[in-house]
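Work through the exercises below with the sequence and the model in view. Try each task before reading its solution.

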Amino acid sequence: MQQARWLAELAQAIDRAQRLARALESSKQDAAEAAAINQRLEAIRLEVDALRRAGRASVRRPIDPFWTGFTPWNRRRAD
């Protein structure tokens, strides 16, 4: 739970940083550097999003034994 909260806070910070980088891009003074920073931030944002999705996927639910009987290796042959 703490990791999820930390990743959410990190995602918000990245969002704020990206908004600032986009504002700097439009100022023309350091537009190229701001664009490069924004691209790096976007890569980081994608990594954080992947970590957040992976955290949700790792929550496992118990499998009902009824469904485990449908696998081919559990079926009996009708000879």
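pLDDT is the predictor's confidence in each residue, on a scale from 0 to 100. The model shown is predicted, and its mean pLDDT is 80, with 71% of the residues at 70 or more.

**Exercise 1. Confidence**

Task: find where in the protein confidence is lowest and where it is highest.

Solution. Step 1: the lowest confidence belongs to helix H3, residues 65-68, with a mean of 64. Step 2: the highest belongs to H1, with a mean of 91. Step 3: where pLDDT is low, the predicted coordinates should not be read in detail.

**Exercise 2. Overall layout**

Task: state how many helices and strands the protein has, and how many of its residues, in per cent, count as buried.

Solution. Step 1: the count gives three helices and zero strands. Step 2: along the sequence this reads as α-α-α. Step 3: a residue counts as buried when its relative accessible area is under 20%. By that rule, 13% of the 79 residues are buried. Step 4: the protein exposes about 7,300 Å², and 55% of that area comes from carbon and sulfur atoms.

**Exercise 3. Helix H1**

Task: compare the span of H1 with the expected value, then list its buried residues.

Solution. Step 1: H1 covers residues 2-26, which makes 25 residues. Step 2: from first to last C-alpha the helix reaches 37 Å, close to the 36 Å expected at 1.5 Å a residue. Step 3: the buried residues of H1 are Leu 7, Ala 11, Ile 14, Gln 18 and Ala 21. Step 4: just after H1, Lys 28 has a positive phi of about 70°.

**Exercise 4. Two buried residues of H1**

Task: for Ala 11 and Gln 18, explain why each counts as buried, and say which residues beyond four places in sequence each one touches.

Solution. Step 1: Ala 11 is in helix H1. Ala 11 counts as buried because its relative accessible area is 15%, and the limit is 20%. Step 2: leaving out residues up to four places away in sequence, Ala 11 touches Val 48 and Arg 52. The C-alpha atoms of Ala 11 and Glu 47 are 9.9 Å apart, although 36 residues separate the two along the chain.

Step 3: Gln 18 is also placed in helix H1. Its relative accessible area is 5%, so Gln 18 is buried. Step 4: with neighbours within four places in sequence left aside, Gln 18 is in contact with Asn 38, Leu 41, Glu 42 and Arg 45. For Leu 41, the C-alpha atom lies 6.5 Å from that of Gln 18, at 23 residues along the chain. Step 5: the side chain of Gln 18 makes a polar contact of 3.5 Å with the side chain of Asn 38. Another polar contact, of 2.9 Å, joins the side chains of Gln 18 and Glu 42.

**Exercise 5. Salt bridges**

Task: state how many salt bridges the whole structure holds, and which residues are linked in a network of them.

Solution. Step 1: the search finds three salt bridges. Step 2: one of them pairs Asp 15 with Arg 19, with 2.8 Å between the closest N and O atoms. These two residues are four apart in helix H1, so about one helical turn separates Asp 15 and Arg 19.

Step 3: Arg 45 meets Glu 42 in a salt bridge of 2.5 Å, N to O. Both lie in helix H2, residues 31-57, three residues apart, about one turn of the helix. Step 4: Arg 45 also meets Asp 49 in a salt bridge, at 2.6 Å, N to O. Arg 45 and Asp 49 are four residues apart in H2, again about one turn. Step 5: Glu 42, Arg 45 and Asp 49 are therefore linked in a network of salt bridges.

**Exercise 6. Exposure of the charged partners**

Task: are Asp 15, Arg 19, Glu 42 and Arg 45 buried, partly exposed or exposed?

Solution. Step 1: partly exposed covers the range between the buried limit, under 20%, and the exposed limit, over 50%. Step 2: in H1, Asp 15 has 35% relative accessibility and Arg 19 has 46%, so Asp 15 counts as partly exposed, and so does Arg 19. Step 3: in H2, Arg 45 is partly exposed at 27%, and Glu 42 is partly exposed at 28%.

Key
Residues are numbered from 1 along each chain as its sequence is written. Side-chain values use heavy atoms; hydrogens and water are left out. Buried means under 20% relative accessible area, exposed over 50%, partly exposed in between (1.4 Å probe, protein chains only). Accessible areas come from the Shrake-Rupley method with a 1.4 Å probe; for residues, only the protein chains shown count as cover. The expected span of a helix is 1.5 Å times one less than its number of residues. A polar contact is a pair of N or O atoms within 3.5 Å; within protein, one must be able to donate a hydrogen and the other to accept it, and residues adjacent in sequence count only if both atoms are side-chain atoms. Contact means heavy atoms within 4.5 Å. A salt bridge is a side-chain nitrogen of Lys or Arg within 4 Å of a carboxyl oxygen of Asp or Glu.
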